[in-house]
Amino acid sequence: MSGTSAALRPPADAVAPVRHPDAPAPGELLGAHYEYCFGCGEGQPHGLHLQARAGEGVSVTAEFTVKPAHQGAPGLAHGGVLATALDETLGSLNWLLRTIAVTGRLETDFVRPVPVDTVLHLDARITAVHGRKIYSTATGRIGGPEGPVAVRADALFIEVKVDHFIENGRPAEIQAAMADPDQVKRARAFEVNP
C-alpha cells in the first residue's frame with residue numbers, strides 16, 4: 001500500500017515467510033479459532049462469522065456477509081467492522097506459520113462504501129518475518145475475488161507466548177479454552193489479537 005508507515009515496512013534483513021509443514025492444506029477451511037470471537041466465532045450472534053481458507057504459500061482467503069447489525073451509516077457497513085474483518089483475516093495467517101501472534105499495528109484504507117447484504121471477499125498474505133515481527137497485507141473486494149476493492153490493510157503482528165493470554169485474559173474463559181480436549185482448538189483459541 002502506498003503511504004504505508006515506516007512501522008509496517010519490513011527491514012532490509014527480514015526474511016520470506018515459510019509455511020509450517022503442518023499448516024492446513026490450500027483450500028482447507030480454517031474454522032473459528034475461538035467460539036466467542038467476534039470475527040469468526042459462531043457463538044457471537046451479531047459477529048462477522050468470517051470464514052477463512054488456507055491459500056497457497058502463506059496466504060488465506062476469507063469472506064463474510066455484511067448484515068444489518070454491522071451498519072454504521074444507514075445501509076452501509078461500519079468502518080470498524082470492516083477493520084475487524086481485515087484484522088481477523090490477517091490474524092488467520094499466523095495459523096499457517098503455527099505461531100501465536102497478536103496485532104501490533106493495523107493500518108486500513110477505506111476505498112469505497114460496502115452496502116449491507118454485500119459479501120466481502122478478503123485476500124491476505126504474509127510478506128516478511130523479522131524476529132518476532134510478522135508483516136502482512138490484505139485486500140477486501142465487493143461481490144467476488146475480482147470485484148472492486150473496498151478496503152485494504154497492512155499489519156504488523158508480534159509473536160507472543162500463550163502466557164500473554166493467560167496473564168491478561170478473564171480467568172473463566174482462559175480456563176474453559178485450556179480445558180478443551182481438542183488440541184487444535186486449544187491451540188487456535190490463543191492465536192490472534194491482543
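**View 1. β1 and β2 run antiparallel and are joined by four bridges.** Two strands pair if DSSP finds at least two bridges between them; strands here are DSSP runs of E with at least two residues, helices are runs of H or I with at least four, and both are numbered from the N terminus. Pick out A54 in β1 and you'll find its bridge partner, V60, in β2. Four residues sit between the strands of this hairpin, where G57 takes a positive phi near 60 degrees. Side chains alternate along β1: A52 and A54 point to one face and are buried, while Q51 and R53 point to the other and are not. "Buried" means under 20% relative accessible area, "exposed" over 50%, and "partly exposed" in between, using a 1.4 Å probe and protein chains only.

Before the next views, a quick note on the model. It's a predicted one, in which local features need pLDDT of at least 70 and side-chain atom pairs count only at pLDDT 80 or more, while totals for chains, interfaces and linings use all residues. Residues are numbered from 1 along each chain as its sequence is written, and side-chain values use heavy atoms, with hydrogens and water left out.

**View 2. β6 has antiparallel pairings with β3 and with β5.** Nine bridges join β3 to β6, and V102 has I158 in β6 as its bridge partner. β5 and β6 are also paired over nine bridges, with Y135 matched to L156 of β6. The hairpin of β5 and β6 has six residues between its strands, and G143 there takes a positive phi near 80 degrees. β6 is mostly covered, with eight of its 11 residues buried.

**View 3. Here's the largest nonpolar core, with 37 residues.** Such a core is a set of buried Ala, Val, Leu, Ile, Met, Phe, Trp, Tyr and Cys residues joined through side-chain atoms within 4.5 Å. L50, F64, L90, V114, L120 and L122 have the most contacts inside it. Among the elements that each supply at least two residues of this core are β2 (59–65), α1 (79–92) and β4 (119–130). Zoom in on V114: leaving aside its neighbours within four places in sequence, V114 is in contact (heavy atoms within 4.5 Å) with V66, G75, L76, A77, L82, L120, I142 and A150.

**View 4. R98 lies over the face of W95, at 4.1 Å from the ring centre.** A charge sits over a ring if NZ of Lys or CZ of Arg is within 6 Å of the ring centre and within 35 degrees of the ring normal. Look for R98 in the loop between α2 and β3 (101–110). R98 has a positive phi of about 60 degrees although it isn't a glycine, and at 34% relative accessibility it counts as partly exposed.

**View 5. The side chain of S5 makes a polar contact with the side chain of R105, at 3.4 Å.** That term covers a pair of N or O atoms within 3.5 Å; within protein, one must be able to donate a hydrogen and the other to accept it, and residues adjacent in sequence count only if both atoms are side-chain atoms. S5 lies in the segment before β1 and is buried, with a relative accessible area of 18%.

**View 6. H78 lies in the loop between β2 and α1.** H78 is partly exposed, at 40% relative accessible area. Leaving aside neighbours within four places in sequence, H78 is in contact with H70, Q71 and G72. H78 and P113 are 35 residues apart in sequence and 9.1 Å apart in space, C-alpha to C-alpha.
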